[in-house]
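Hi,

Here is the structure I promised to pass on. Have a look at it first, and then read my notes underneath.

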Amino acid sequence: MPATTTTTTTTTGKCNATLRTLLVDNYDSYTLNLLQLLVQQLPTGASVLDSIIVIRNDQYSWSTVRDYILPHIDSVIISPGPGSPERKADFGICDDLIRSAHTTGMPVLGVCLGHQGIAAAFGGRVRQCAVPVHGQTSPIQLVATEKSIDGEPGLFDGVPDLFRVVRYHSLAVSEAPGEFPPELRVLARAAGTVRALDPATNKQSEVESCEIMALRHRTQPLFGVQFHPESICSEHGARILQNFCAIARHHHHHHRRRTGPPPPLARAKAAALPKDVAALSLLAQDNRMWRHHHHDDHSGGGGGDDLESRESATDQGRLRLVCETVDLSEYIGDDVGGELFCHLYGNDKAPIWLDSADNSSSSSSSSSNRGMSVMASAQTSGSVTVRYTVDDRRISVVRLTGANGSVPVGENQPLVLLPQDDVSFWTWMQAIVDRTQIIGSSSEGAGPDFRCGWIGYFGYEMKHAERVLGRAPSTTMPPGHRDNGADRLPDAQLTFVDRCVVVDHKLEPPRAYVMALVAGNDSYSSPAWISELGFRCHDTAADWISRQAGAIQSWVARSKKPLATPSNSSACNSVHMEPDMPRDEYVAAIARAKQWIAQGESYEICLTTQFRLALDRHGATIRSAHDMLALYACMRKRNPAPYGALLWLGDDIGAGIASCSPERFLRTARDDRAGRWVEMKPIKGTCRRLARPDNGDDDDKSSGGGGEVAVAEWERDDERRARQLQDDVKERAENLMIVDLIRHDLNWIAHHANVQVPRLMAIESYASVHQMVTTVRAQLRASVGDVAALAHCFPPGSMTGAPKLRTVRLLDELEAVGGGGGGDGRGVYSGCLGYFSAHGQADWSVVIRTAVN
């Protein structure tokens with residue numbers, strides 16, 4: 001299990017026999033956490049693709065699964081999922097699997113929805129719980145000693161009679177008279193109470209809970225657990241999965257009734273799944289698609305364990321980095337990033353600024369802070385800007401000009417991705433990022449995390465551009481989705497930054513890096529415009545660096561008179577905002593969301609609305625990059641954030657983004673010990689901090705120590721607020737739901753499905769708020785590039801809820817025109833903003849607390 005103090009596991013030795021398992025995904029956001037537990041049971045050196053096949057519940061017909069897949073399978077696990085097992089649309093082939101297993105004796109473990117489906121298959125009823133329980137830990141009690149059938153191991157062998165588990169369910173198997181099948185036996189029930197929210201008073205109360213938590217068939221190896229053994233906070237989850245694997249092995253040696261050839265395990269202990277069967281797995285299909293588009297591999301691939309195969313991005317690189325550092329120790333002031341940006345780029349027509357404005361965070365939050373300010377222009381001779389719109393699958397590659405416009409770059413512009421091309425913007429962009437990497441020693445060694453590369457955003461509507469996890473791109477937009485028009489921002493925009501200044505705030509004193517890219521290896525000429533990126537020769541790059549470094553040095557020398565950051569304080573003080581969704585409609589949407597949760601359609605729904613504002617009572621709008629900088633300066637003064645950003649997207653579309661995001665979405669990097677790794681830091685749970693009182697002037701003795709008393713009282717109140725947030729059941733439940741979702745997302749791309757949680761629900765303190773933040777981390781498979789990593793986790797789960805796919809569809813309905821959302825979709829909001837560095841690292845924030853013009 002992932003490393004965390006809240007998880008308790010007990011394990012014994014692994015069996016040398018490879019168990020071939022079919023894992024059926026009911027479109028859940030926790031399924032691959034079960035995969036992680038299964039991988040832990042594999043013998044050393046065993047291949048994931050040779051041993052485990054993952055399919056969706058409607059991916060193949062029942063006849064295909066029955067005749068082509070099951071003959072090579074030793075056990076089946078049916079995942080959790082939204083909805084009801086009594087609806088074919090929610091449960092797919094799973095009902096057929098359960099009924100078939102009853103006849104053939106195939107061992108089956110159903111989790112949550114799968115557990116309910118076992119009861120339903122034998123005539124049981126599944127009904128709504130008195131109180132939905134999502135993200136709460138709850139004690140469960142084993143209520144029956146499992147009777148061994150010919151020495152068969154028990155599902156709860158080695159597990160205490162009373163232990164705590166995580167529950168995500170609104171439905172449960174009924175024990176009302178005539179509603180529980182006699183063929184089944186209850187193994188465990190909930191014990192104690194769960195926390196419920198009274199909708200009338202909005203207060204929490206304790207409600208007794210005694211629902212069925214585990215069951216089994218009396219004569220066949222069919223098991224169900226209502227709780228989630230794969231959750232990071234469930235106790236003994238690994239042991240329960242280990243016990244099920246032991247049951248499956250035992251059954252194949254002693255009990256399986258089957259005509260024809262002997263069971264697979266009896267035939268060959270270490271035989272792999274046939275390659276044509278393994279190729280049907282979502283894992284194999286997803287891997288082949290990304291490998292195909294990374295390095296033009298048209299060979300297809302088959303089902304072998306090629307999860308670690310990928311040509312290194314640096315092998316495809318064609319650029320060289322030139323860099324000079326500037327010492328900022330003589331700077332006098334308290335805002336080196338803001339003042340230096342305004343000095344260098346304050347009048348730029350297309351400024352780019354990734355801004356760690358909050359550099360005064362407490363030590364508890366320092367690991368969340370990017371600690372770096374990137375300053376650049378999107379309007380240079382060696383840069384291009386890529387734009388993509390989902391509706392028409394159109395890619396435009398342009399160079400921003402000083403004449404209030406842009407010009408296309410290269411031939412065949414714009415490029416339209418046709419469905420039959422089997423290419424998505426994600427895979428296309430991964431290939432472009434691979435071909436714009438630094439080569440040679442300049443990509444290694446000490447230096448800032450950003451060394452030129454791609455900066456931009458992926459808007460929330462990019463969820464419809466997915467072609468990951470076995471899903472084709474969406475061909476229809478949700479109700480109310482805006483038609484593509486002149487006022488529509490691109491759904492994604494990224495600018496290649498060929499020269500920049502980076503201030504590293506983590507150093508003391510801070511240091512500025514002036515960097516530029518020089519064209520190098522031209523072995524890749526597709527697309528042709530890539531050869532036009534960067535400086536043409538080292539000397540011209542060195543000249544630009546020298547001029548920029550000189551400008552910084554002269555600015556430092558004059559820093560006794562700090563340059564004021566542009567801001568329109570009167571406008572900021574008179575902002576009036578109007579919500580897109582009126583209050584009564586928003587409240588109605590919340591009520592509808594609660595109904596869906598009670599019906600089991602979702603576990604958590606993150607409903608949003610946007611606010612529109614005019615900067616003053618005269619309705620002034622933002623017309624230029626300078627106006628956007630003034631707005632951002634006001635925002636960062638009031639709400640300094642570790643992932644601040646200012647982007648002017650170009651005068652041709654007259655749009656910009658000013659963000660004060662506190663939340664990291666995803667970061668990738670490399671170290672000598674772990675290789676390439678990925679980290680996500682979801683925030684769920686926030687409480688306000690009061691302003692710290694002034695301690696008074698030390699030379700002023702008239703206060704009689706009153707300032708010190710006020711500070712002491714503030715510190716006690718501040719600690720109390722942090723503790724309340726840490727202990728709040730609702731906030732912890734929300735955080736846990738997203739943590740388990742993120743673990744699932746990362747298990748698509750993690751080496752050997754090994755996702756870790758080094759910090760769970762830690763309180764991080766910032767200037768104006770305390771926040772509950774979890775750190776989730778994994779080693780990346782070698783076959784996974786930075787764009788692929790982001791695509792597999794997009795959109796941010798903290799902005800959707802869980803399970804992600806079903807909940808996103810519900811949100812589309814709630815936030816559409818009929819629900820008062822204005823029909824625009826979320827746009828940039830709820831997407832992510834950040835960079836793909838040219839030396840193979842990435843860092844992206846969640847687009848929240850953001851203004852979009």
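Met577 sits in strand S23, which covers residues 576-579. This is a predicted model, by the way, so please read everything below in that light. Is Met577 buried, partly exposed or exposed? With a relative accessibility of 46%, Met577 counts as partly exposed, because the partly exposed class lies between the 20% and 50% cut-offs. Together with Phe611 and Leu613, Met577 makes up a nonpolar patch on the surface. The accessible area of those three residues together is about 300 Å².

Now for the whole protein. There are 21 helices and 36 strands in it, and 60% of its 853 residues count as buried. The exposed surface comes to about 32,500 Å², with 49% of that supplied by carbon and sulfur atoms. If you take the contacts with a separation of 6 or more, 77% are between residues 24 or more positions apart.

The part I'd look at next is a sheet. Eight strands make it up, in the order S12-S22-S21-S14-S13-S26-S27-S36, and the sheet is open, with antiparallel pairing. Which strands stand at the edges? They are S12 (319-327) and S36 (850-852); each has a single partner strand, so one side of each is left without a neighbour in the sheet. From one strand to the next, the twist averages 10 degrees.

Within that sheet, S14 (residues 372-377) pairs with S21 (residues 499-504) over four bridges, in the antiparallel sense. To find your way around that pair, look for Ser373, which stands opposite Val503 in S21.

Two helices go with the sheet. Helix H12 (residues 336-345) lies across S13 (351-355), S14, S21 and S26 (643-648), and runs at about 10 degrees to S14. Helix H17 (residues 625-638) also packs on the sheet, where H17 touches S13, S26, S27 (656-661) and S36. The direction of H17 makes about 10 degrees with that of S27.

How many of the 10 residues of H12 are buried? Nine are, so you can think of the helix as mostly covered. Among the buried ones are Val336, Glu339, Leu340, Phe341, Cys342 and Tyr345. What covers them includes the strands S13, S14, S21 and S26, along with two helices, H14 (538-557) and H17.

That's what I have so far. Shout if anything is unclear.

Cheers

Notes
Residues numbered from 1 in each chain as written. Predicted model: local features only at pLDDT ≥ 70, side-chain atom pairs only at ≥ 80, totals over all residues. Heavy atoms only, no water. Pairing = 2+ DSSP bridges. Axes fitted to C-alpha atoms, helices over the stretch in contact; angles between N-to-C directions. Contact = heavy atoms within 4.5 Å. Buried < 20%, exposed > 50% of the residue type's maximum accessible area, 1.4 Å probe, protein only. Areas by Shrake-Rupley, 256 points an atom, 1.4 Å probe, with all protein chains shown as cover. Patch = residues over 30% accessible without salt bridge, like charges linked within 9 Å, V, L, I, M, F, W, Y side chains within 5 Å. Salt bridge = Lys/Arg side-chain N within 4 Å of Asp/Glu carboxyl O.
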